[in-house]
Amino acid sequence: LSDRLTETFRNLRTKGKLTPADVDGTVREIRRALLDADVALLVVKDFTAKVRERALGDEVNKALNPAQQVVQIVNEELVAILGGQQRRLQFAKNPPTVIMLAGLQGSGKTTFAGKLAKQLEKDGHTPLLVACDLQRPNAVNQLQVVAQQAGAAIYAPEPGNGVGDPVQVARDGVEAARRQQHDIVIIDTAGRLGVDAELMTQAADIRRAVDPDEVLFVIDAMIGQDAVNTAKAFQDGVDFTGVVLSKLDGDARGGAALSVASVTGRPIIFASTGEGLDDLEAFHPDRMASRILDLGDILTLIEQAQQAFDEDEARKVAEKLANEAFTLEDFLDQLQQMKKMGSMKKMLGMLPGMGQMKQQLENFDDKEIDRTEAIIRSMTPVERRNPKILNGSRRLRIARGSGMTVTDVNQLVQRFDQAAKMMKTVARGGVPSIPGMGSL
Ligand code: GDP
Ligand code: MG
């Protein structure tokens, strides 16, 4: 997902004012990228419509840098769909807090139960795990192993009593927690490979029996387009108060997160990121939005660049470029700006897909800027504005004045020509490059 969006935003970033065609092109790319990431069509349509409306509006028109504004808007809308603020677990006023898990088989409920228990223990709670998956022969045993790893207590039906009643086990589990003064109960339930009526009824019955403070719907982030139907089925059948997104350590880019959050309106509370019991994170809508867009670092980069570059100066250069009137004087200004930016290498390292440019920067040499500056300073203003008049005798004079050789001057003029060409490409929306660098 993010590669394509990175490309889209890179194209956007290098443009000045956005035409409606630019906005449409960008929206089309966002749409394609989201669909590629298996975000549900309905959600994609809704999302892109919102982005388009805002991107064509005044806030972008009047922005100093319209492209950045669009990136900002996309980010904002993503964060909004994902719930805006981080949502924490809600604890009961009178313990025990009852947390019930629901979800398809293999979605990661049992693993999450262990992770959550371990995290809660660390925070000073005394969770009790309750084994209500009596469907699969091994399920109770699996929870026992997980509980042991987490160092948490477990309530499980006695083995050898035949298939017990999960609803009764849930009730007894909560009762046991109350007696033994556990402040939190985590109820692990059974799942099926597909959504089915019996499973839903069982989960709904458990819910009714123990009246949980939280019902967490665990969903595999890799599930793709099925995320919407599965989430809706569980919302209709059991309903839930929050979502756990599991297996986010895989390739999943968060498409499921967007679909589930958007379609159910329920907050995602946890992100499960591995098979180990410590692989659990609180879900942050802003971070997930960044993950989806791969934008987090770009925004930082934009901020840093804004500080270093005088906005007016940048705009003037852009105008000159558009008029193809880029001169050695501008070149000199740019070199000065670059010196101000200082930590260019670090900044470019934050940009996804800028590896090549970063490499160019490895060859970047402060002294070379100084030499270039010296040469340009030895030119007359007329020469700077119109390098074409630099004939042999002028070049010799400049070389002497700057303490360089004529070859140095020739190389600079040549590099300037190349840079000017490159800058024109940038002004037309190409990939940016930096003049004055060794490899130009
Ligand atoms: P349940 O059927 O819903 O209880 O799912 P399980 O907890 O048994 O998990 C199913 C499989 O997914 C197991 O092999 C787990 O190790 C694995 N699993 C669970 N959560 C994660 C996760 O966040 N990342 C990865 N990579 N694997 C996970
Ligand atoms: Mg399980």
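Me: In this predicted model, does Asp-239 count as buried, exposed or partly exposed?
Reply: Asp-239 sits in the loop between helix H10 (226-237) and strand S6 (242-246). A residue is buried with 20 or more other C-beta atoms within 10 Å and exposed with 12 or fewer. Asp-239 has 15 C-beta neighbours inside 10 Å, so this residue counts as partly exposed.

Me: What is the phi of Asp-239 near?
Reply: Most residues other than glycine have a negative phi. Asp-239 has a positive value and is a residue other than glycine; its phi is near 65 degrees.

Me: Is Asp-211 buried or exposed?
Reply: Asp-211 belongs to the loop between helix H9 (197-210) and strand S5 (214-220). Its phi is also positive, near 45 degrees. Within 10 Å of Asp-211 there are 10 other C-beta atoms, and the limit for an exposed residue is 12 or fewer. Asp-211 is therefore exposed.

Me: Which peptide bond is cis, with omega near 5 degrees?
Reply: Most peptide bonds are trans. The cis bond leads into Pro-96, a residue of the loop between H5 and strand S1 (97-102). With omega near 5 degrees, the bond in question runs from Pro-95 to Pro-96.

Me: How many residues around ligand 1 are polar?
Reply: The shell around ligand 1 holds 18 residues, and the closest are Gly-108, Lys-109, Thr-110, Thr-111 and Ser-272. Its largest share, 3 residues, is supplied by helix H6 (residues 109-122). By class, the shell has no nonpolar residues and 5 charged ones, while the number of polar residues is 13.

Me: Between which domains does the largest nonpolar core lie?
Reply: This core has 95 residues, of which Leu-129, Val-130, Ile-187 and Leu-245 touch the most other members. Helix H5 (residues 66-81) gives the largest share, 7 residues. Because both domains give residues to the core, it lies between domain 1 (2-81) and domain 2 (97-286).

Me: How many residues does the second, separate core have?
Reply: Nonpolar side chains tend to be buried together in soluble globular proteins. The second core is separate from the largest one and includes Ile-375, Met-379, Ile-398 and Leu-412. Its size is 10 residues.

Me: Is Gly-255 buried or exposed?
Reply: Gly-255 is part of helix H11 (residues 255-264). In sequence Gly-255 and Asp-36 are 219 residues apart, yet their C-alpha atoms are 8.7 Å apart in space. Since 26 other C-beta atoms lie within 10 Å of Gly-255, this residue is buried.

Me: What percentage of the contacts with a separation of 6 or more joins residues 24 or more positions apart?
Reply: The chain has 21 helices and 8 strands. Of its 440 residues, 40% count as buried. Among contacts with a separation of 6 or more, the share from residues 24 or more positions apart is 76%.

Me: How many contacts beyond near neighbours in sequence does the stretch 430-440 have in the model?
Reply: The mean pLDDT of the chain is 81, and 75% of the residues reach 70 or more. Residues 349-357 fall below 50, and that stretch has 13 contacts beyond near neighbours in sequence. Residues 430-440 also have a pLDDT below 50. For this stretch the number of such contacts is 28.

Me: What pTM does the predictor give the complex?
Reply: Two scores are reported for the complex by the predictor. The ipTM is 0.99, and the pTM is 0.68.

Conventions: Residues numbered from 1 in each chain as written. Chains lettered and ligands numbered in written order. Predicted model: local features only at pLDDT ≥ 70, side-chain atom pairs only at ≥ 80, totals over all residues. Near = placed C-beta within 6 Å. Helix = DSSP H or I, 4+ residues; strand = E, 2+ residues; numbered from the N terminus. Nonpolar A, V, L, I, M, F, W, Y, C, P; charged D, E, K, R; others polar. Core = buried A, V, L, I, M, F, W, Y, C linked by C-beta atoms within 7 Å. Domains from an automatic or database assignment. pLDDT = per-residue confidence, 0-100. Contact = placed C-beta atoms within 7 Å.
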